[in-house]
Amino acid sequence: MIVIRTEIPDVLVIEPKVFGDERGFFLESFNRRVFREKTGLTPQFVQNNHSRSGKHVLRGLHYQIRQPQAKLVRVVAGEVFDVAVDLRKSSPTFGKWTAARLSADNKRMAWIPEGFAHGFLVLSEYADFLYQATDYYAPEHERCVIWNDPGIGIRWPLGGEPILAAKDSAGLRLREAEVFP
C-alpha cells in the first residue's frame, strides 16, 4: 500500500495494492502488519459501519468529545469528497482542514485520527461508505461542527445547498464547539 501524507500530517490517504484481471479485482482493505509498517500506527478497530447516501448528501462534521474515534474510511460504491478538521487545540494545524476524493474507482481510503471532526459530501448518484472505528459510537458524546463554518472555510464542491440531517444543520461553529486539548 502507498501512504500519502496530507497537508495535516496525521491525516493519511491510503492507496491499497489492487490486483486485477479480467475477472475483477482483489485488495486488502486492512492488514494490521502492513498498516503498522507503513504508518507506525496499530489501531484496534471495535466497530464497522456502512452508510448509503444520495447525491448532495453532506454528513458531518462529526466527532466524539469523549470516547474519541479514529477511523479508517472508504467508499465501495460511488464517490465522496471526504473532509477532516483538526480539533486539537494544542496542534499547529488546529482549525485547519484537509480533503480527499474517495471512490469505488480509485479505491483510496482515509485515516482520520482521534481529535478530528469528519464529514463527507456525496458527489455521485449515491455512495456506500464504510467506516472502521477504534471506539464505539456514543451518542451522548457526539458533537457536530457546522459544515459551512466560515472560520474553517472548507471549499465543498457544491453547486447549491447540500442535503443535511437536522443534527448537522444544528452544528456549532468551531469557536463555540467543545474541542480537544
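Helices and strands are DSSP runs, with at least four residues for a helix and at least two for a strand. On this basis, the protein has 13 strands and two helices. The structure is a predicted model.

The overall dimensions were examined first. The protein has 181 residues, and a compact globule of that length would have a radius of gyration near 16 Å. The protein has 16 Å, so the value agrees with the globule rule. Along the principal axes, the C-alpha atoms fill a box of roughly 50 × 35 × 30 Å. Of the 181 residues, 48% count as buried. Among contacts with a separation of 6 or more, 78% are between residues 24 or more positions apart.

One open sheet is formed by six strands. Their order is 1-2-10-7-12-5, and the pairing is antiparallel. Strand 1 (2-5) and strand 5 (47-54) stand at the edges. Each has a single partner strand, so one side of each is left without a neighbour in the sheet. Neighbouring strands of this sheet are turned by 25 degrees against each other on average, direction ignored. Within the sheet, strand 2 (residues 12-15) pairs with strand 10 (residues 109-112) in the antiparallel sense. Three bridges join this pair. Leucine 12 has tryptophan 111 in strand 10 as its bridge partner. A helix also meets these strands. Helix 1 (residues 32-39) lies across strand 1, strand 2, strand 7 (71-77) and strand 10. Helix 1 runs at about 40 degrees to strand 1.

Another open sheet is formed by five strands, in the order 9-8-11-6-13. Here, too, the pairing is antiparallel. The edges are held by strand 9 (97-103) and strand 13 (142-144). Each of these has a single partner strand, so one of its sides is left without a neighbour in the sheet. From one strand to the next, the twist averages 25 degrees. Strand 8 (residues 79-86) and strand 9 run antiparallel and are joined by seven bridges. Aspartate 82 stands opposite alanine 100 in strand 9.

The packing of nonpolar residues was examined next. In soluble globular proteins, nonpolar side chains tend to be buried together. The largest nonpolar core has 21 residues. Val85, Ile154 and Trp156 touch the most other members of this core. Strand 6 (58-64), strand 8 and strand 11 are the elements that give two or more residues to the core. Another core, of 18 residues, lies apart from it. Its residues include Ile8, Val57, Ile112 and Phe120. Isoleucine 154 touches Leu61, Phe81, Val83, Val85, Trp97 and Trp147, not counting residues up to four places away in sequence.

Serine 124 was examined in detail. Serine 124 is found in the loop between strand 11 (116-122) and strand 12 (126-133). Strand 11 belongs to the five-strand sheet, and strand 12 belongs to the six-strand sheet. The relative accessibility of serine 124 is 18%. Buried means under 20%, so serine 124 counts as buried. Its side chain reaches two backbone atoms. One is the backbone nitrogen of glutamate 79, at 2.8 Å. The other is the backbone oxygen of tyrosine 126, at 2.6 Å. Leaving aside neighbours within four places in sequence, serine 124 is in contact with Lys55, Gly78 and Glu79.

Note on methods. Residues are numbered from 1 along each chain as its sequence is written. This is a predicted model: local features need pLDDT of at least 70, side-chain atom pairs count only at pLDDT 80 or more; totals for chains, interfaces and linings use all residues. Side-chain values use heavy atoms; hydrogens and water are left out. Buried means under 20% relative accessible area, exposed over 50%, partly exposed in between (1.4 Å probe, protein chains only). A polar contact is a pair of N or O atoms within 3.5 Å; within protein, one must be able to donate a hydrogen and the other to accept it, and residues adjacent in sequence count only if both atoms are side-chain atoms. Contact means heavy atoms within 4.5 Å. Two strands pair if DSSP finds at least two bridges between them. Axes are lines fitted to C-alpha atoms, for helices over the stretch in contact, and angles run from 0 to 180 degrees between N-to-C directions. A nonpolar core is a set of buried Ala, Val, Leu, Ile, Met, Phe, Trp, Tyr and Cys residues joined through side-chain atoms within 4.5 Å. The radius of gyration is taken over C-alpha atoms; the globule rule is 2.2 Å times the number of residues to the power 0.38.
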